[in-house]
Amino acid sequence: MSERITTLFGATTTAMEVVTGVDLRGKRAIVTGSASGIGVETARALAQAEAHVTLAVRSIEAGEAVAEEIKQTTGNPNIIPGKLDLSDLRLVYAFV
């Protein structure tokens, strides 16, 4: 029988709580769906932890707006949007 994996986090844990005390300097994170909702908050938490964050978005304009807002709220200048639509393999290859 395998050991049960446990965590300190639960259903009400925020992304910011997960990265508290974590240093992601020198790490790159790609966040899909980062033009709205939970994707934005995930990207913001990673940026707060000093990661270089690429916002994978369908609308580059929306991604640019989110990137600027995250830069302003976190002080992390290493946030860039990239156009990505996972339903279009041409865009996936271009993104990569």
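**Exercise 1. Determine which residues line the largest pocket of this predicted model, and how they divide by character.**

Solution. Step 1: list the lining. Thr32, Gly33, Ser34 and Ala35 contribute to the largest pocket, together with Ala56, Val57 and Arg58 and with Leu84, Asp85 and Leu86.

Step 2: sort these residues by character. The lining comprises 5 nonpolar, 3 polar and 2 charged residues.

Step 3: state the volume. The space in the largest pocket amounts to about 160 Å³.

**Exercise 2. Describe how helix H2 packs against helix H3.**

Solution. Step 1: locate the helices. H2 spans residues 37-48 and H3 spans residues 60-74.

Step 2: read the geometry. The two helices pack at an angle of about 40 degrees, and their axes lie 10 Å apart.

Step 3: classify the angle. Angles under 35 degrees count as roughly parallel, and those from 65 to 115 as roughly perpendicular; H2 and H3 are therefore oblique to each other.

Step 4: assign the handedness. The crossing of H2 and H3 is right-handed.

Step 5: identify the contact residues. From H2, Val40, Ala43, Arg44, Ala47 and Gln48 take part, meeting Val66, Glu69, Ile70, Thr73 and Thr74 of H3. In character, the residues of this contact are 5 nonpolar, 3 polar and 2 charged.

**Exercise 3. State the order of the secondary-structure elements and the dimensions of the protein chain.**

Solution. Step 1: count the elements. The protein chain contains 4 helices and 3 strands.

Step 2: follow them from the N terminus. The order is α-β-α-β-α-β-α.

Step 3: give the dimensions. Along the principal axes, the C-alpha atoms fill a box of roughly 45 × 35 × 25 Å.

Technical notes. Residues numbered from 1 in each chain as written. Predicted model: local features only at pLDDT ≥ 70, side-chain atom pairs only at ≥ 80, totals over all residues. Heavy atoms only, no water. Axes fitted to C-alpha atoms, helices over the stretch in contact; angles between N-to-C directions. Parallel < 35°, antiparallel > 145°, perpendicular 65-115°, else oblique. Left-handed = near helix turned anticlockwise from the far one by under 90°. Contact = heavy atoms within 4.5 Å. Nonpolar A, V, L, I, M, F, W, Y, C, P; charged D, E, K, R; others polar. 1 Å grid on protein atoms, 1.4 Å probe; cavity = no way out; pocket = protein on both sides within 12 Å on 5 of 7 lines; lining within 4 Å. Points joined across faces, edges and corners; volume = space filled by probe spheres on them.
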